[in-house]
Amino acid sequence: MAVRPVLLVPDPRLKQACEPIAQFDDALHELVQDLEDTMHAHPGCVGIAACQIGVLKRVALVDTSIHKKHGAVSQGRMVLINPSIAISEGEWLGREGCLSLPDFTANVRRSQTVQIRFQNGTGEPQQVTASNFEAVAIQHEIDHLNGILFLDRVSNLATDVFPRKTKA
Ligand code: NI
C-alpha cells in the first residue's frame, strides 16, 4: 500500500500510449492498490490512470460515487484493465479537471453514454454502460491510457480553460 507521487504536465510519460496488461499477478494487484491509495489521498478525485504514477500500463480506476454533483448516477468503484470503448452515443459538455493538471479546469465535449469492455483485477471480461458524469470520468481515464490529456480535447483554449479558483 502506498500513496505514489502524481506526474504533472509536461512530464513526457503522460503523452505515451500505455501497454496492455498480460499477467494478472501480485504486481498488478499492488499497482491497483497504489492507484486506490493515491486517488483517495486527493479528495474529490474520481479517477486515476497508472501512467499518472509513472506506470505505463493499461490500468485505471474510476469511482464517481463520492462526487456530489446533483443527480449523478454512479456504479461505484471500477478497476479498468485493458479498457476499450465499444459503443459511444450522444454528446455531453462538462467541466473536467485532472490530478496531472492541478491549476486548470476546462469545458470538454465527450460522448454522453459509453459502453466499455475491460478486464477486472482477476482478468475476467467485463462490460459496463455508463452515462453523463460517470461516462466522462471513464472517457477521461481511457484517454490517459492513450497519452491524451483533457486539454488536448478542448476546442478553444482561449474560452474553454479556467484557472482553479481555490488551491489546496
Ligand atoms: Ni486525469
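Over the ring of which residue does the charged end of R95 sit? Select R95 together with F162 in this predicted model: the charged end of R95 lies over the ring of F162, at 3.7 Å from the ring centre. A search for pairs between aromatic rings, by contrast, returns a count of zero.

**The nickel site**

Select the nickel ion next, and display the side chains of C98, H140 and H144, which coordinate the ion through SG, NE2 and NE2 respectively, at 2.1 to 2.2 Å. Read along the chain, these donors follow the spacing C-x41-H-x3-H. The two histidines, H140 and H144, both belong to helix α2 (residues 132-145), where they are four residues apart, or about one turn of the helix. Colouring by accessibility is useful here, because H140, at 7% relative accessibility, falls under the 20% cut-off and counts as buried, and H144 is likewise buried, with a relative accessible area of 1%.

**Helix α2**

Now extend the selection to the whole of α2, of whose 14 residues 13 are buried, so that the helix is mostly covered. If you place a distance between its end C-alpha atoms, you should find 20 Å, which agrees with the 20 Å expected for 14 residues at 1.5 Å a residue. Just after the helix comes G147, whose phi is positive, near 75 degrees.

**The nonpolar cores**

Turn to the largest nonpolar core, which has 17 residues, and select L28, L31, L35, I48, V59 and L61, the members that touch the most other members. Helix α1 (26-40) and strands β2 (59-62) and β3 (78-89) each supply at least two residues of this core, and α1 gives the most, with five. Centre the view on I48 and, leaving aside its neighbours within four places in sequence, look for its contacts, among them L35, M39, I53, L61, L99 and E141. A second, separate core holds 14 residues, including V62, F133, A135 and A137.

**The loop at Q112**

Finish at Q112, in the loop between β5 (104-110) and β6 (113-119). Is this residue buried, partly exposed or exposed? With a relative accessibility of 29%, Q112 counts as partly exposed. Add S88 to the selection: its C-alpha atom is separated from that of Q112 by 7.5 Å, although the two residues are 24 apart along the chain. Beyond its neighbours within four places in sequence, Q112 is in contact with E89, G90, E91 and W92, and also with A130, S131, N132 and A135; of these, A135 has already appeared on this tour as a member of the second core.

Notes. Residues are numbered from 1 along each chain as its sequence is written. This is a predicted model: local features need pLDDT of at least 70, side-chain atom pairs count only at pLDDT 80 or more; totals for chains, interfaces and linings use all residues. Side-chain values use heavy atoms; hydrogens and water are left out. Rings of Phe, Tyr and Trp (its six-membered ring) pair if their centres lie within 6.5 Å; planes under 30 degrees apart count as stacked, over 60 as edge-to-face and the rest as tilted. A charge sits over a ring if NZ of Lys or CZ of Arg is within 6 Å of the ring centre and within 35 degrees of the ring normal. Donors are N, O and S atoms within 2.8 Å of the metal (3.2 Å for Na, K and Ca); water is not among the atoms, so sites may look incomplete. Buried means under 20% relative accessible area, exposed over 50%, partly exposed in between (1.4 Å probe, protein chains only). A nonpolar core is a set of buried Ala, Val, Leu, Ile, Met, Phe, Trp, Tyr and Cys residues joined through side-chain atoms within 4.5 Å. Contact means heavy atoms within 4.5 Å. The expected span of a helix is 1.5 Å times one less than its number of residues.
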